[in-house]
Amino acid sequence: MRNKTKTKTKKVKRKKLRLGRVFVFVCLIILIVFGVKNIDKLKARNIVVSGNKYVKTSEIINLGGLEASTSYINPKTKKICSNIKQNKLIKSCKFKRTKDLNLVLEVEEDTPLFYYSHEDKLMLKSKKLVNIKNTFGVPNLINYVPKDVLDEFTAKFGELKTTLVKNISEIEYTPSKNKKDEVIDDKRFMLTMNDGNTIYINNKNLKILNKYDKIYASINHAQGIFNFDCDYNNYYYEPY
């Protein structure tokens, strides 16, 4: 009798154990189904934009089709970045999700260098001319420049310090000539500075402008004309 009772007890325990496992399995299935159906309703905590200086954060978010109620799961990376790169100042875009439910947009911009009045377009560091108004405080190149000269000028101008570029108000293409009216330097420009000075410089020596602040300080900030278009290191300065 005792053996039969023990056998029945074991069978009951096994049944309960099986039922318990089935119950847990069913619960897991229900949770998974519920989670899949509702995961797209999970909202992003924040939309974070980095790498932008010239394009407003709000504009980047709007171009990407994102908003405060955007789902954390649904946004498609390729579509978002493709839309954002419609802005001609955006060179590249990366989109990612973080563990703390943030949506992150990392962009790289094509720096505006100057406004080319002859074309009524903005020149970018990539040498692209784009139909964007000059709202960035960059200097104005007021006249026509031959393409080969312009390309070289743009490449070297893009290497200048941002603080220096901001101090340039106007750029004029001014090839130098001899007394016979023959062009002797067809890569020469005149820069009108916001501090009141005038600078003559050519493409070859354009990098010297990164030392302009020190040179200007060495003459006690006296105003005048700086001739940096020479082929030697003793650059000529003429006070007004």
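Two strands are said to pair when DSSP finds at least two bridges between them, and I start there because that rule is what stands behind much of what I will describe in this predicted model. By that rule, strand β13, residues 224–228, pairs with β14 in the antiparallel sense over four bridges, and within this pairing Asn227 has Tyr236 of β14 as its bridge partner.

Let me place those strands in their sheet. Nine strands make up an open sheet with mixed pairing, and reading across, the order is β6-β5-β4-β7-β8-β11-β12-β13-β14. The edges are taken by β6, residues 129–130, and β14, residues 236–239, and because each has a single partner strand, one side of each is left without a neighbour in the sheet.

Further along in that order we come to β7, β8 and β11. Strands β7 and β8 run parallel and are joined by two bridges, with Asn140 standing opposite Glu170 in β8. Between β8 and β11, on the other hand, the sense is antiparallel and five bridges join the strands; here Glu172 stands opposite Met190 in β11. Lying across this part of the structure is helix α4, residues 147–157, which crosses β4, β5 (121–124), β7 (140–141), β8 (168–173) and β11 (188–193), and which runs at about 145° to β4.

Coming back to β13, what else ties this strand to its surroundings? A search of the whole structure finds 11 aromatic pairs, and one of them involves Tyr212 and Phe226, whose ring centres are 5.7 Å apart and whose planes stand at 75°, so the pair is edge-to-face. Since Tyr212 belongs to helix α6, residues 212–218, and Phe226 to strand β13, the pair ties together parts that are 14 residues apart in sequence.

Now to the other sheet I want to show, which is open, has three strands in the order β1-β3-β2, and again has mixed pairing. Its edge strands are β1, residues 46–50, and β2, residues 90–97, each of them pairing on one side only, and the twist from one strand to the next averages 15°. Strand β3, residues 102–109, pairs with β1 in the parallel sense over five bridges, and Ser50 stands opposite Glu106 in β3. Helix α3, residues 77–84, packs on this sheet, where it touches β2 and β3, and its direction makes about 150° with that of β2.

Finally, the pocket. The largest pocket holds about 270 Å³ of space, and 17 residues line it, of which Lys53, Tyr54, Thr111, Pro112 and Thr162 are the closest to its centre. Which elements give two or more residues to that lining? They are β4, residues 112–116, and α5, residues 162–166, and the largest share, three residues, comes from α5. As for chemical character, the lining residues divide into eight nonpolar, four polar and five charged.

To draw this together for the bench, β4 is a useful strand to keep in view, as it is part of the nine-strand sheet, is among the strands that helix α4 lies across, and gives residues to the lining of the largest pocket.

Definitions and conventions: Residues are numbered from 1 along each chain as its sequence is written. This is a predicted model: local features need pLDDT of at least 70, side-chain atom pairs count only at pLDDT 80 or more; totals for chains, interfaces and linings use all residues. Side-chain values use heavy atoms; hydrogens and water are left out. On a 1 Å grid over the protein atoms alone, a cavity is a set of points where a 1.4 Å probe fits but cannot get out, and a pocket is an open set with protein on both sides within 12 Å along at least five of seven lines; lining residues have an atom within 4 Å of a point. Grid points are joined across faces, edges and corners, and a volume is the space filled by probe spheres set on the points. Ala, Val, Leu, Ile, Met, Phe, Trp, Tyr, Cys and Pro count as nonpolar, Asp, Glu, Lys and Arg as charged, and the others, Gly among them, as polar. Contact means heavy atoms within 4.5 Å. Axes are lines fitted to C-alpha atoms, for helices over the stretch in contact, and angles run from 0 to 180 degrees between N-to-C directions. Rings of Phe, Tyr and Trp (its six-membered ring) pair if their centres lie within 6.5 Å; planes under 30 degrees apart count as stacked, over 60 as edge-to-face and the rest as tilted.
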